[in-house]
Amino acid sequence: MSFRYRCWFVLLLVTGITGCSANPPDKTVLDDIIALSTPNSPLVTLRIAFNVGSIDEPDGQDGLNALTALTIGRGGTVSMSYEEITEALYPWSASINVQFDKEMTVIIGEVHRDHLDPFLTIMRDLIVAPRFDSSDFARNRDFLTNNVVNTLRGNDDEELGKEALNTLIYDGHPYGTPVIGTERGLAAVSLDDVRSFHAMYYTSMRAVVGVAGGYPEGFKDRLYGEIFGRNGWVSTTVRKPLPEPRILDGIEVLVVEKDAIATAISIGFPIAVTRSDDDFYALMVANSYFGEHRTFTGLLMNKMRGQRGLNYGDYSYIENFIQDGGSRLPVPNIPRQQQFFSIWIRPVPHHNAHFALRQAIRELQKLVDEGLTAETFEATREFLLNYSK
């Protein structure tokens, strides 16, 4: 298999000091609960996934979905304040977290099975009847704004380079803004906007529920009643189809200049292949050989760090990749209809930035032109069979 490619480049340079489906399926029977019982486990984990993300935000309100999600995950209910919920969860060693992306938002809960009943009541109320407290709203908006201003723009050059690449690839596209929002977009969101967004999109018609662990017999039926059997929790809002990414005009380069001690580089271009295509698995093998995330098996890592000592690491991806905590594997439940290929060159000294960029492009071109040998193909496939979940 061969393909032609065009690239977007994002170079994070320095100054001064010498980086799912388009629409939820039609539902008539609201029984989207996936259950996996492990009776010997003392823990129960719940994931309630909503087919909603940053692509559903109105123009000028970038970050509205993230703020709505945090109002659930880090807020109160009609009957309990956020502080009261925190105090209730602490002695149970229970947790409620939220993850949000461009097309899906997931509320994640984990608790010991001895406390499952009161925990489910809290989690249900957070989703169905959030408190929408003004102090929760202000605290979460400040959290997201600080994430944009102080962390992304101020301290995290590598993530800034990746976000700049995303903005360049998806200019004028619903994917084009950060999922955490923008400073201006967050400032434009009001508490009433969060209420309206929640009522429109966080509904049973957009929900899928997963439960695993040592839950009791009959719990799935109870979960169905608690989550899907709620009157007035239905919406017929239909998501608009995604447009195709814009066509690249030659080789485009975006330079973000700031004070820093090294240069972070991100390279990428859209690809039509997703996990729904058979070709995904062929690309998965080729990409693992080329740049498996945070391993020394990848060609880029061996050539650029191992042989030349250019930087800490160099990796490639055939889809959006968010690392799962300290794991080398990706976070689950972040589906996207459209994907992109990318290379992540971790920061290199400024005098080596041009060389590192050229070497990464050269190695990619060699992979496209020459492919894998039978030996490297078999070795990489065997690695993935044992490595991947």
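This briefing walks through the overall make-up, one sheet, one buried serine and the aromatic pairs of the structure above. Please keep in mind that the model is predicted. The protein has 389 residues, and 49% of them are buried. Its secondary structure comprises 12 helices and 10 strands. The accessible surface amounts to about 19,000 Å², with carbon and sulfur atoms contributing 52% of that area.

**The five-stranded sheet**

- A good place to begin is the open sheet, which is built from 5 strands in the order S2-S6-S3-S5-S4, with mixed pairing.
- Strand S2 (33-37) and strand S4 (95-100) take the edge positions; each has a single partner strand, so one side of each lacks a neighbour in the sheet.
- From one strand to the next, the twist averages 10°.
- As a reminder, strands of a sheet pair through backbone hydrogen bonds, in either a parallel or an antiparallel sense.

**The S4-S5 hairpin**

- Edge strand S4 is joined to S5 by a hairpin that runs through 4 residues.
- S4 and strand S5 (residues 105-112) are antiparallel, and their pairing extends over 6 bridges.
- If you would like to trace the register yourself, Phe 100 sits opposite Thr 105 of S5, while Ile 96 faces Gly 109 in S5.

**Ser 288 and its surroundings**

- Ser 288 belongs to helix H9, which covers residues 279-291.
- Is Ser 288 buried or exposed? Its relative accessibility is 2%, so Ser 288 counts as buried, given that the cut-off for buried is under 20%.
- The side chain of Ser 288 makes a polar contact of 2.7 Å with the side chain of Glu 292.
- Leaving aside residues up to four places away in sequence, Ser 288 touches Thr 297, Gly 298, Thr 380, Phe 383 and Leu 384. One of these, Phe 383, comes up again below in an aromatic pair.

**Aromatic pairs: Tyr 170 and Phe 340**

- There are 10 aromatic pairs in the structure.
- How are the rings of Tyr 170 and Phe 340 arranged? Their centres are 6.3 Å apart and their planes stand at 80°, so this pair is edge-to-face, the cut-off for that class being over 60 degrees.
- The Tyr 170 and Phe 340 pair connects distant parts of the chain, with the two positions 170 residues apart. Tyr 170 is found in the loop between helix H5 (157-169) and helix H6 (183-188), whereas Phe 340 is in strand S10 (residues 339-348).
- Both partners are buried: Tyr 170 has a relative accessibility of 1%, and Phe 340 has a relative accessible area of 10%.
- Tyr 175 joins Tyr 170 and Phe 340 in one aromatic cluster.

**Aromatic pairs: Phe 383 and Tyr 387**

- The rings of Phe 383 and Tyr 387 have centres 4.7 Å apart and planes at 20°, so this pair is stacked; planes under 30 degrees apart fall into that class.
- Phe 383 and Tyr 387 are both in helix H12 (residues 374-387), and because they are 4 residues apart, about one helical turn separates them.
- Phe 383 has a relative accessible area of 24%, so it counts as partly exposed.
- Phe 383 therefore has two roles in this tour: it touches Ser 288, and its ring stacks with that of Tyr 387.

Methods:
Residues are numbered from 1 along each chain as its sequence is written. This is a predicted model: local features need pLDDT of at least 70, side-chain atom pairs count only at pLDDT 80 or more; totals for chains, interfaces and linings use all residues. Side-chain values use heavy atoms; hydrogens and water are left out. Two strands pair if DSSP finds at least two bridges between them. Axes are lines fitted to C-alpha atoms, for helices over the stretch in contact, and angles run from 0 to 180 degrees between N-to-C directions. Buried means under 20% relative accessible area, exposed over 50%, partly exposed in between (1.4 Å probe, protein chains only). Accessible areas come from the Shrake-Rupley method with a 1.4 Å probe; for residues, only the protein chains shown count as cover. A polar contact is a pair of N or O atoms within 3.5 Å; within protein, one must be able to donate a hydrogen and the other to accept it, and residues adjacent in sequence count only if both atoms are side-chain atoms. Contact means heavy atoms within 4.5 Å. Rings of Phe, Tyr and Trp (its six-membered ring) pair if their centres lie within 6.5 Å; planes under 30 degrees apart count as stacked, over 60 as edge-to-face and the rest as tilted.
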